[in-house]
Amino acid sequence: MPNSRPNHCFHVEVFFNLVRCTKWGLLAIGLTISLTEAKAEYRVNIGDVLEVTVAGVPELRNRAAVQVDGNVSLPLVGALPVAGLPLPQIRAKIGAALASKVFRQRTLDGREAVIVINEDEVTTVVAEYRPVYVSGDVSKPGEYPYRPATTARQLVAVAGGYDIMRIRMNNPYLESADLRSEYGSLWTELAKEQARMWRIKSELGEGVQLNPGILTDVPITRSAISEIVNAEREYLKTKQNDYQQEKAFLQRGVRQGDDEVRVLSEQQKKEEEGFQTDLEELQKATDLYGKGSLTSPRVTDARRAVLLSSTRKLQTSAALLQVKKQQDEFSRRLVRLDDQRRLELLRELQDTSVKLNQIREKLQSVGEKLQYTAMVRSQLARGAGSNPDIAIIRKGEKGPERIIASEDTELQPGDAVEVTLRYQDGPRKLSSSNVPSATGRTDVTAADSLRGDPEIAARKSSIEQ
């Protein structure tokens with residue numbers, strides 16, 4: 001069907017289509033040129049490896065690294081400064097340096113051919129770029145070769161992916177089991193020391209009642225609490241019985257000493273009276289013997305009686321002194337019994353207080369570790385859903401620059417990438433109210449201090465049952 005539109009309309013439409021095509025074509029060309037210029041703006045630096053080839057002369061193909069002084073060493077040319085220059089400028093520089101150079105090439109038939117190098121025949125490319133580096137929350141931090149158009153995401157993938165266990169802790173599930181065991185053991189030790197402290201205070205007469213109800217805030221089973229309290233109660237009972245028996249023994253010794261002293265004192269008094277009587281009898285016998293009214297044997301008997309009375313008196317005095325000495329010893333032991341018992345209890349109380357503080361510190365540490373492992377486990381369960389912070393350290397004209405980047409940011413040779421994961425939940429520090437004080441009371445139970453952990457919640461439920 002013939003076109004009903006006028007020919008001039010057709011020509012106008014073609015003209016505008018050509019204009020639009022030309023416009024988009026120019027835009028595409030401009031975009032390509034800008035991208036090419038952006039790519040060409042890379043500046044070769046120390047550590048890059050250049051490859052120079054000459055068409056038709058494979059012998060002149062050479063790889064040379066840019067040295068610390070910024071020069072590259074090439075055959076027929078020597079050292080050329082290239083550090084900090086873009087690749088097109090380096091190509092022109094090396095081509096100009098090799099232009100008109102003469103190279104003698106030996107053919108297969110043994111003849112020697114002279115080749116004059118043309119500048120257009122020289123090609124220079126970057127064979128190896130400076131490596132890139134990655135550190136932080138990745139599985140394998142370190143140095144990696146650079147590939148053109150490499151992004152931060154690709155570098156992280158080469159480095160083994162994100163790693164929330166960068167601190168090289170053990171398996172969080174096994175670590176959590178070990179920490180829970182240690183956590184429970186510490187609570188049991190704390191309960192034992194707390195019950196011991198109450199037992200000591202009860203012995204000191206501070207009016208503390210030892211019963212299972214005093215350990216309601218300790219997250220261990222009620223049967224275990226009853227066993228701990230009953231053990232301390234039996235120990236207290238045994239110790240008090242022993243103390244009472246020792247005290248009764250000493251008091252009985254003192255009373256017996258009093259009786260013995262009284263008996264020996266009466267006996268000593270009688271022995272003194274007997275001795276005086278025998279002494280008077282001896283004096284009378286001696287006087288009668290001097291007057292000749294008494295024979296000598298009677299005087300001898302009187303002297304023997306005085307000597308015997310004196311001996312009994314001395315024996316009684318010695319026995320009395322021994323009994324008094326023993327009585328004094330019993331009295332001193334009786335006085336020391338209370339003092340020594342109180343000193344031992346105060347020393348034991350001090351040691352128990354120190355141990356309680358040490359256990360509290362360990363509980364604080366293990367509790368924080370347990371929360372951290374629980375957080376790591378939750379991160380593992382959710383996968384690598386944490387938000388990474390990526391920073392690129394890049395050497396610029398004014399020195400190293402820190403660039404905040406994303407996973408899709410393209411890297412440049414020599415970049416150092418720092419990866420940091422932002423966790424959804426950070427470890428919460430146990431407050432002092434979560435750990436029992438010297439009185440054993442807490443404002444918040446230990447199970448509540450780890451709220452959010454299903455295993456701790458289950459443990460709390462079993463305790464309440």
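**Exercise 1. Characterise V114 and its surroundings.**

V114 belongs to strand β6, which spans residues 112–116; strands (E, at least two residues) and helices (H or I, at least four) are DSSP runs numbered from the N terminus. The model is predicted, so local features need pLDDT of at least 70 and side-chain atom pairs count only at pLDDT 80 or more, while totals for chains, interfaces and linings use all residues. Residues are numbered from 1 along each chain as its sequence is written, and side-chain values use heavy atoms, with hydrogens and water left out.

Step 1. Determine the exposure class of V114. V114 counts as partly exposed because its relative accessibility is 49%; buried means under 20% relative accessible area, exposed over 50%, and partly exposed in between (1.4 Å probe, protein chains only).

Step 2. Identify the pairing of the strand. β6 pairs with β5 in the antiparallel sense over 5 bridges, where pairing requires that DSSP finds at least two bridges between two strands. Within this pair, E112 of β6 stands opposite R106.

Step 3. Assign the faces of β5. In a regular strand, side chains alternate between the two faces of the sheet. In β5 (residues 102–106), F103 and Q105 form the covered face, whereas V102, R104 and R106 form the uncovered one.

**Exercise 2. Describe the largest nonpolar core and the contacts of V44.**

Step 1. Define the set. A nonpolar core is a set of buried Ala, Val, Leu, Ile, Met, Phe, Trp, Tyr and Cys residues joined through side-chain atoms within 4.5 Å. The largest one has 23 residues, and V44 and I94 have the most contacts inside it.

Step 2. List the contributing elements. Two or more residues each come from β1 (49–54), β2 (57–65), β3 (71–74), α2 (87–98) and β7 (122–128). The largest share, 4 residues, is that of α2.

Step 3. List the partners of V44. With neighbours within four places in sequence left aside, V44 is in contact (heavy atoms within 4.5 Å) with L50, V66, V82, A83, G84, L85, L87, I90 and V126.

Step 4. Look for another core. A second, separate core of 22 residues includes Y183, A191, M197 and V366.

**Exercise 3. Is T316 buried or exposed, and which residues does it touch?**

Step 1. Locate the residue. T316 lies in helix α6, residues 296–382.

Step 2. Classify it. T316 is buried, because its relative accessible area is 4%.

Step 3. Name its partners. Not counting residues up to four places away in sequence, T316 touches L264, Q267, Q268 and E271.
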